[in-house]
Amino acid sequence: MAEFMATSGVKQPLLSISGLLDPSQRTKTKSPPTRRKFRRCKSAPLADSVLPEKSKNGSIPPLESTLIKLHPSFKKVAIFLAVYLGVGTLCFCYVSGRIKGKKTNVFLDAIYFCVVTMTTVGYGDLVPNSIPTKLLACAFVFAGTALVGLILSKAADYLVEKQEVIFVKAMHMRQKVGPSEMIKEIENNRARYKCLMVLIILVILISVGTLFLIFVENLDFVDALYCVCSTITTLGYGDKSFSTEWGRVFAVFWILTSTIFLAQFFLYVAELNTENRQKSLAKWVLNRKVTNFDLEAADLDDDGVVG
């Protein structure tokens, strides 16, 4: 064999002689497995949510720390609110003689007027009575509306999400649910949980406001409920309002909270409706039969192959 290879000019044998003589000496070489490449269709949606990355010790970071990064800090919200109410109270205290209506205390009436103006309730129990005061009220209306829309609503959304975590934990109290399952449950039903939480808070606020007006402002049940509804919807008819000192102290906190949470509730209802429509559309797409037109659309390079 070697002489034949030498005379024929072959440098390497076609078959290993040692392998023929001793099959156990054959080298078993396997080619690395080829990975099939998939092309992503341009119309394919991205993932809705991504679970948080694990830390160095392999554990998922707490859910509360993830939520804190998504929303502005309460310190920033408190600073803006304090500046607005502080400047507004000083200004309206200075022009208190040019504001007419039911008055109790100069300082209390000024901060009460700020809150009623900022939330656009506008009872009419305290109204500007001069041109400079009216211009000042116009400026604080726009500033207060921007403050409520840009900052306070974000803080309310953060509070709702914190309560949402507690709500989900309470629902699965008897089940062993890990952090990843908890995050997945919240992400899949986020809008529904938000609506439930805000609805519960609204019922509590309406009940507390109605009871306060009955026992402190001496209104009957119908008038108290009527005043509460006209307040949280920012209608502010003005025939029923907070007229006592303790009533206006309560109104400073209650009006601000109730109007913001009602706005958040309608926002979450719209979000829930949109989410349900998206889920129904995704269900329809997944359950429909694939047609030849779909296959032709998935063939991006027109080579007749999809995959």
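Helices here are DSSP runs of H or I with at least four residues, strands are runs of E with at least two, and both are numbered from the N terminus. By that rule, tyrosine 112 sits in helix 5. We will come back to that residue.

First, some ground rules. This is a predicted model, so local features need pLDDT of at least 70, side-chain atom pairs count only at pLDDT 80 or more, and totals for chains, interfaces and linings use all residues. Residues are numbered from 1 along each chain as its sequence is written, and side-chain values use heavy atoms, with hydrogens and water left out.

Now the overview. The protein chain has 11 helices and two strands. Along the sequence the pattern reads α-α-α-α-β-α-β-α-α-α-α-α-α. Of its 307 residues, 32% count as buried. Buried means under 20% relative accessible area, exposed means over 50%, and partly exposed lies in between, using a 1.4 Å probe and protein chains only.

How confident is the predictor? pLDDT is its confidence in each residue, from 0 to 100. The chain's mean is 75, and 63% of residues reach 70 or more. Among the elements, helix 9 has the highest mean, 95, and helix 3 (residues 63–70) the lowest, 42. Over residues 58–71 the pLDDT is below 50, yet beyond near neighbours in sequence this stretch has 24 contacts in the model. A contact means heavy atoms within 4.5 Å. Where pLDDT is low, the predicted coordinates should not be read in detail.

On to helix 5. It covers residues 106–118, 13 in number, and reaches 18 Å from first C-alpha to last. That is close to the 18 Å expected at 1.5 Å a residue; the expected span is 1.5 Å times one less than the number of residues. Is helix 5 mostly buried or exposed? It is largely enclosed by the rest of the structure, because 11 of its 13 residues are buried. Among them are Asp109, Tyr112 and Thr117. At its start, a side-chain oxygen of asparagine 105 comes within 3.0 Å of the backbone nitrogen of phenylalanine 107. Just after the helix, threonine 120 takes a positive phi of about 60°.

Back to tyrosine 112. Its relative accessible area is 1%, so it is buried. Leaving out residues up to four places away in sequence, tyrosine 112 touches eight listed partners, including Tyr123, Phe242 and Arg248. Its C-alpha is 9.4 Å from that of phenylalanine 253, 141 residues apart along the chain.

Next, the core. A nonpolar core is a set of buried Ala, Val, Leu, Ile, Met, Phe, Trp, Tyr and Cys residues joined through side-chain atoms within 4.5 Å. The largest has 44 residues, and Phe92, Tyr112, Tyr123, Phe242, Trp254 and Ile255 touch the most other members. Helix 10 gives the most to this core, with 11 residues. Phenylalanine 92 touches residues including Phe113, Cys114 and Phe140.

What about the aromatic rings? Rings of Phe, Tyr and Trp (its six-membered ring) pair if their centres lie within 6.5 Å; planes under 30 degrees apart count as stacked, over 60 as edge-to-face and the rest as tilted. The whole structure holds 10 aromatic pairs. Ring pairs link Tyr123, Phe212, Phe242, Phe250 and Trp254 into a cluster.

Last stop: threonine 231, in helix 9. Its relative accessible area is 0%, so it is buried. Beyond four places in sequence, threonine 231 contacts Val121, Tyr123, Trp254, Ile255 and Thr259.

Notes
A polar contact is a pair of N or O atoms within 3.5 Å; within protein, one must be able to donate a hydrogen and the other to accept it, and residues adjacent in sequence count only if both atoms are side-chain atoms. pLDDT is the predictor's confidence in each residue, from 0 to 100.
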